[in-house]
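Got the viewer open? Load the model, keep the selection tool handy, and follow along stop by stop.

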Amino acid sequence: MSDATAKRKPTIRQIAALSGVSRSTVSRVINGGHWVSPDARKAVEDAIAASGYTANHHARSLATGRAGSLAFLLTEPHQLLFDDPTFALLLRGAAAVLAQRSMTLVLLVASTPAERESVTHFLSAGHVDGVMLISSHEADPLLTQLIDAGIPTVSCGIPLGHEGEVSTISVDEIVSARSIAAYLRDQGHERIGMITGPDDTPGGRYRLIGFREALGSSFDPSLVEVGDYSFESGQAAMTRMLGHDVDAVFAANDRMAAGAIAAVRRAGLRVPDDIAVAGFDDSGLAATHEPPITTMRQPWEQISAQMVEVLLEVIAGAAPRSVILDTELVVRDSA
């Protein structure tokens with residue numbers, strides 16, 4: 001093995017440091033984008049020459065044609081693709097938009113270190129033109145690897161720790177949570193609790209911020225329980241909260257709201273007469289549940305369409321940008 005191959009291949013992060021520009025600018029230069037100043041382009045090219053960086057197959061393939069496919073990358077356990085209707089809605093929407101463009105959708109799941117390594121290798125080999133990253137976690141190294149490899153990426157939701165480095169399609173989590181908490185307060189509820197998602201996810205972190213802002217001085221941290229977005233975690237969180245004389249609960253998604261309703265009923269109480277319950281997403285579960293769940297509706301079709309549109313812009317060389325879509329409070333029988 002030669003010295004050159006024994007050394008670790010320089011990354012886009014290192015090229016960015018050498019050239020004094022952002023990683024997204026390096027990525028645009030490598031991927032043939034036109035939104036780069038001549039000075040920045042020269043700095044990147046000089047750094048590439050000095051470091052011996054060699055672009056991966058993905059970047060090189062742009063000279064002869066693209067793969068014609070995009071990856072839908074889910075960083076959650078496999079079963080959630082079927083258990084959580086939000087992922088199915090996003091997948092179906094993205095597939096429909098790509099079909100209209102005669103492009104292929106490649107589904108990838110990476111929830112374990114081995115799966116992440118395999119997926120990173122697959123993506124770096126140029127089998128797809130870009131990645132729609134679904135459900136990112138703050139400490140997950142996968143997004144850093146995608147950025148360093150120069151793979152065009154758009155994140156569904158704000159990628160904690162990487163804000164501004166990749167394009168994002170999201171709703172305003174804080175404003176949305178503030179609205180639904182204010183609705184519960186305006187209905188006359190005084191002891192309002194929340195079942196929040198994990199703090200390393202944008203929904204878990206920002207929905208709690210909005211909830212706390214809406215309640216102001218009446219916010220009680222003892223009425224906050226953490227779930228993992230599953231029915232079971234919502235049921236367990238609600239069971240723990242029942243001892244605190246709560247009269248309304250906002251769950252950070254509909255699956256946890258359904259679990260909370262089950263816990264209330266198991267305790268011999270009524271929804272919404274004794275305890276009102278509201279959720280978030282309106283992914284289909286809320287409308288068919290008994291009772292139907294008051295929730296904050298996300299525009300799933302728009303999110304999917306925007307992920308595809310913005311990712312194609314990034315592949316063409318555009319700078320990262322953020323798209324924030326509107327939500328809608330849907331009032332039903334649970335609150």
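**Stop one: a helix residue**

Select Ala262: with a relative accessible area of 23% it is partly exposed, because that label covers everything between buried (under 20% relative accessible area) and exposed (over 50%), using a 1.4 Å probe and protein chains only. Ala262 sits in helix H13, residues 254-266. Helices here are DSSP runs of H or I with at least four residues, strands are E runs of at least two, and both are numbered from the N terminus.

Before moving on, some ground rules: this is a predicted model, where local features need pLDDT of at least 70, side-chain atom pairs count only at pLDDT 80 or more, and totals for chains, interfaces and linings use all residues. Residues are numbered from 1 along each chain as its sequence is written, and side-chain values use heavy atoms, with hydrogens and water left out.

**Stop two: across to H12**

Which residues does Ala262 touch, leaving out those up to four places away in sequence? Pick Phe231 and Gln235; a contact means heavy atoms within 4.5 Å. Now add Met238, which is 24 residues from Ala262 in sequence, with a C-alpha to C-alpha distance of 8.8 Å.

Next, select helix H12, residues 231-241. Its buried residues are Ser233, Gly234, Gln235, Ala237, Met238 and Met241. Want to see what covers them? Show strands S6 (192-196), S7 (224-226) and S8 (248-251), plus H13, which are included in that cover.

**Stop three: zoom out**

Colour by secondary structure and you get 15 helices and 12 strands. The C-alpha atoms fill a box of roughly 70 × 40 × 35 Å along the principal axes. Of the 335 residues, 56% count as buried. Turn on contacts, and among those with a separation of 6 or more, 72% join residues 24 or more positions apart.

For charges, show Lys and Arg as positive and Asp and Glu as negative, with His and the chain ends not counted. Place them at NZ of Lys, CZ of Arg, CG of Asp or CD of Glu: the mean positions of the 27 positive and 40 negative charges are 6 Å apart.

**Last stop: confidence**

Colour by pLDDT, the predictor's confidence in each residue from 0 to 100. The average is 89, and 92% of the residues score at least 70. Over residues 1-7, though, pLDDT is below 50, and this stretch has one contact beyond near neighbours in sequence. Residues 57-64 also stay under 50, and there the model has 18 contacts beyond four places in sequence.
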